[in-house]
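Let's take a friendly walk through this model, from a pocket to a pair of strands and on to the ligand. Have the structure open beside you as you read.

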Amino acid sequence: MWKEYNKVSNLISAAALKGLDVSASSVVGKSRSEWFETVHQLIGPYDMAKDFKDLSCVDFNTYPSWSLDWFCKQGYGALVKHRWRGLPVQLNTIVKEIHYTSQDKVEIETSKGKLNPRKCIVTVSNGILASENIKFFPKLSEEKVEAFNKIKMGIYNHVAGLFEEKFFREIGMEEMDMYLYYKISGSNISPRGMGCLMNISDSNLCYFDYGGDFAKELENEGEAVQKSFTIEQLKSIFGSKIDKYLLKLHATQWGKNKFTLGSYASADPGFAHLRKYLKMPVEDKIFFAGEATAFEYASVSGAHRSGVRAADKVIKTLNF
Ligand SMILES: Cc1cc2nc3c(=O)[nH]c(=O)nc-3n(C[C@H](O)[C@H](O)[C@H](O)COP(=O)(O)OP(=O)(O)OC[C@H]3O[C@@H](n4cnc5c(N)ncnc54)[C@H](O)[C@@H]3O)c2cc1C
């Protein structure tokens, strides 16, 4: 599998290095390797939340190789809550309009009334920005709006499964945080299979992950179908012993989540050059942060760093 993985990822990188901002599908073709479908799932839907037809070679290739994921057993939300304890945060407040015509302040209309800060950092997803659920007055530049629409949200969903502890011994998986790869069958535009991360932080939880058009299809069919497809795949890998050890499943539906409208963003083929517009401030009053504006896009670390970058810029413009 890794031979095929290296071959396919090298083809994508080679196109990017030649400056060809084309789709990954146009450079990898359809390999005859029996591992191609799995490799497509890993590089496209599992990593980028997009199928090869929707994946820009250039955008893919800008992702830094040094970016690493680590697990937080208590959940990332718990980590953020603890790290920033004491910071005044107002939750459950929906921003509807942002007016930036006034010289020395921004007017923000929210579900809980008006705010009048001197500066504003916008961190909502490109899905929300493209949907224009938040209205800007005056309108943002054409480049920015095009960037929100072309650095498009992909779909990536977890189906999380909780197992009896014995299950991992029974399948000979003694270590935690193991990726499991299997041959995904078929030859589809969007691979009909899942990425598997087993026994996360020794919690007996596993993630079975779907991305791209197939994730969207499953999500649209509903949680029952997301779960039943996962059970079917698990049975094809482990046999019917799954019934004995699987305690429960839960599926995410990020495409339908009205506060993200997708999972994370990446460029449509031909539009990687628009990324630079995402983080450009507007009149030194409105600043933009969030994963899509980050070098390490599609990650919590990138989102975090982008917030620090935007806050630094705000401080500079405030002339303390
Ligand atoms: C299934 C899945 C698995 C992932 N796994 C990983 C992983 O293993 N490692 C990793 O690093 N990253 C992972 N990511 C990516 C990571 O979660 C995102 O990149 C990151 O959370 C983005 O953070 P953000 O602050 O930019 O945006 P968000 O987390 O989307 O924050 C934006 C906030 O704005 C709020 N909002 C929206 N509209 C409004 C409005 N009108 N008014 C006020 N507030 C509003 C939203 O509710 C949200 O809280 C994963 C993503 C998904 C979907």
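In this predicted model, the second largest pocket has a lining of 17 residues, and those nearest its centre are Met153, Gly154, Ile155, Asp213 and Lys216. Two elements, β6 and α9 (212–221), each give two or more residues to that lining. Helix α9 supplies the largest share, five residues. By character, the lining holds ten charged residues, four polar ones and three nonpolar ones. The space inside the second largest pocket comes to about 290 Å³.

Gly154 is a handy link to the next part of the picture. Strand β6 (residues 151–154) pairs with β12 in the antiparallel sense, over four bridges. Within β12, Tyr264 is the bridge partner of Gly154. Follow β12 (residues 264–267) along, and you will find Tyr264 and Ser266 pointing one way while Ala265 and Ala267 point the other way. Are these four residues of β12 buried or exposed? Tyr264, Ala265, Ser266 and Ala267 are all buried.

Now to the ligand. It is surrounded by 21 residues, and the closest of them are Val95, Gly290, Glu291, Ser299 and Val300. Three of these closest residues have backbone contacts that are worth finding on screen:

| Residue | Protein atom | Ligand atom | Distance |
|---|---|---|---|
| Val95 | polar backbone atom | nitrogen | 2.8 Å |
| Ser299 | backbone N or O | oxygen | 3.3 Å |
| Val300 | backbone N or O | oxygen | 2.8 Å |

So which atom of the ligand does the backbone of Val95 approach at 2.8 Å? For Val95 the ligand atom is a nitrogen, whereas for Ser299 the ligand atom is an oxygen.

How values were computed
Residues are numbered from 1 along each chain as its sequence is written. This is a predicted model: local features need pLDDT of at least 70, side-chain atom pairs count only at pLDDT 80 or more; totals for chains, interfaces and linings use all residues. Side-chain values use heavy atoms; hydrogens and water are left out. Buried means under 20% relative accessible area, exposed over 50%, partly exposed in between (1.4 Å probe, protein chains only). Two strands pair if DSSP finds at least two bridges between them. On a 1 Å grid over the protein atoms alone, a cavity is a set of points where a 1.4 Å probe fits but cannot get out, and a pocket is an open set with protein on both sides within 12 Å along at least five of seven lines; lining residues have an atom within 4 Å of a point. Grid points are joined across faces, edges and corners, and a volume is the space filled by probe spheres set on the points. Ala, Val, Leu, Ile, Met, Phe, Trp, Tyr, Cys and Pro count as nonpolar, Asp, Glu, Lys and Arg as charged, and the others, Gly among them, as polar. A residue is near a molecule or strand if one of its heavy atoms lies within 4 Å of it. A polar contact is a pair of N or O atoms within 3.5 Å; within protein, one must be able to donate a hydrogen and the other to accept it, and residues adjacent in sequence count only if both atoms are side-chain atoms.
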